[in-house]
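Visitor: Could you walk me through this structure step by step? I am new to reading them.

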Amino acid sequence: MTVDGAGVLLRVRGLRKAFGGLVAVRDLAFDVPAGAIVGLIGPNGSGKTTVLNLITGEIAAEAGSVRLDGRELLHSPPFRVCRAGWPGPSSSCASWPA
Amino acid sequence: MSRGGRAGGWPRSRLAVVVLAILPRFVSDYRISLLISIFAYVAMATAWSFFSGATRYISLATSAFVGIGVYAVTLSIDRVPLALGLALAALAGFLVALVVGLSTLRLRGVYFVIFTFGLAELIKQLVTWYEVNRNKNLMRLVFADVSNVFLYEVLLAVAVLTVAGSWLAGRTRLGFALRAIGEDETVARHTGVNTTLVKVLVFALTASVIALTGAVLSLRYSYIDPNIAFNSAWSFQVLIMSLLGGGTRLGPAAGGDSARPPLRVPGGHVSPPLRHRARPLLRGHRLLSPRRRGPLARACPRAGRVGRTAA
């Protein structure tokens, strides 16, 4: 997989999502370099899963930009995000029934 | 059946088709009409099961598509050649299912079931309203000049193509996508399946088979009205056949075959006792057997387990 000039594979900018009055994700921005192993940590209800769901398109974001491999994915449905190279279901989708 | 081994399975089924194709020369008219009904049920149950069995979207809209096929061919029979009328029936079923699919396949579970049932009733009432208020006559005569053998051959072809088509399509990406949707739609979406496209396309394709079958069957009616064309019994009979037949490729066909005589009992057409007729069904039923993967067992995986614990 190729990366842009700065060696960034996943670039997130200004990501925002509110559920009614609750702002779950406010102007999130981060870069993930190619080959890096990164963690997304935070207390319960801080919006970790929401961020992943925004990236995969499971939930529609209100604003921002998600670029994987240079391709804008923000308004793509999940199957397109998957075909663009996103590695499949997040932790909320178990491989077998719980 | 797919598990029977390809070398032995195909020639046998080809032989069966050849035997069925020449059968009308040797059997009575009554048996021909019986087989006509069976072929129709085989085609419908197989088509229904290809979508609803795999995806677990239980559709009760079968009667809507049958009725659309019936009316399409009845309205066009005096104006265009019969083959074109049948094609129009299939097309009408496809288009209506396309519109319905786009608006309803967001619904899950019992909501989808109720909506499809309501849709069939809605279309029936709309047609009734039109016939009463515009056509000023609820009844339409069917002037089809076709023989029983012709219907037999057409429906045999439809049934064979449907069974073979669903068997082949089940092994393509589309078939796997359908089953993935049935297993877990969210995961399917996140693993690259365009779930909306797959669902709507297959729903519409199977609806066109159902509409075509209804259209062919209507050629032996002398007249139709909305209650005949949109008879909701179709929806339930086709569903029951698929449940009885189970989740294998030939299962729905077998269900259509075996369920047909007993299901006529409520209409009072079959003289032997119901128990006698129904026994082979009850013995082989696959409703709740998770191992044989009957659609009902797949739709509610706990039902089979509950039954076994109680026993």
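**A tour of chain B**

Guide: Let's start with the whole chain: among contacts in chain B with a separation of 6 or more, 77% join residues 24 or more positions apart, a contact being heavy atoms within 4.5 Å. This is a predicted model, where local features need pLDDT of at least 70, side-chain atom pairs count only at pLDDT 80 or more, and totals for chains, interfaces and linings use all residues. Residues are numbered from 1 along each chain as its sequence is written, chains are lettered from A and ligands numbered from 1 in the order in which they are written, and side-chain values use heavy atoms, leaving out hydrogens and water.

Visitor: How many helices and strands are there in chain B?

Guide: Both are DSSP runs numbered from the N terminus: helices are H or I with at least four residues, strands E with at least two. Counted that way, chain B has 15 helices and 2 strands.

Visitor: What percentage of the residues in chain B is buried?

Guide: Buried means under 20% relative accessible area, exposed over 50%, and partly exposed in between, using a 1.4 Å probe and protein chains only. Of the 311 residues in chain B, the buried ones make up 46%.

Visitor: How many residues of α3(B) are buried?

Guide: Helix α3 of chain B runs over residues 62-76, which is 15 residues. This helix is mostly covered, and its buried residues number 14 of 15.

Visitor: Are α3(B) and α11(B) parallel or oblique?

Guide: Axes are lines fitted to C-alpha atoms, for helices over the stretch in contact, and angles run from 0 to 180 degrees between N-to-C directions. The axes of α3(B) and α11(B) (residues 233-245) come within 6 Å and cross at roughly 120°. Angles under 35 degrees count as roughly parallel, over 145 as roughly antiparallel, 65 to 115 as roughly perpendicular and the rest as oblique. The crossing therefore makes α3(B) oblique to α11(B).

Visitor: Which residues of α3(B) and α11(B) make the contact?

Guide: Both helices bring residues to this contact. From α11(B) come Trp234(B), Ser235(B) and Val238(B), and from α3(B) come Thr62(B), Ser63(B) and Val66(B).

Visitor: Is Thr55(B) buried or exposed?

Guide: Thr55(B) sits in helix α2 (residues 29-55) of chain B. Leaving aside residues up to four places away in sequence, Thr55(B) touches Arg108(B), Leu178(B), Ile181(B) and Gly182(B). Because its relative accessibility is 0%, Thr55(B) counts as buried.

How values were computed: Expected span 1.5 Å × (residues − 1).
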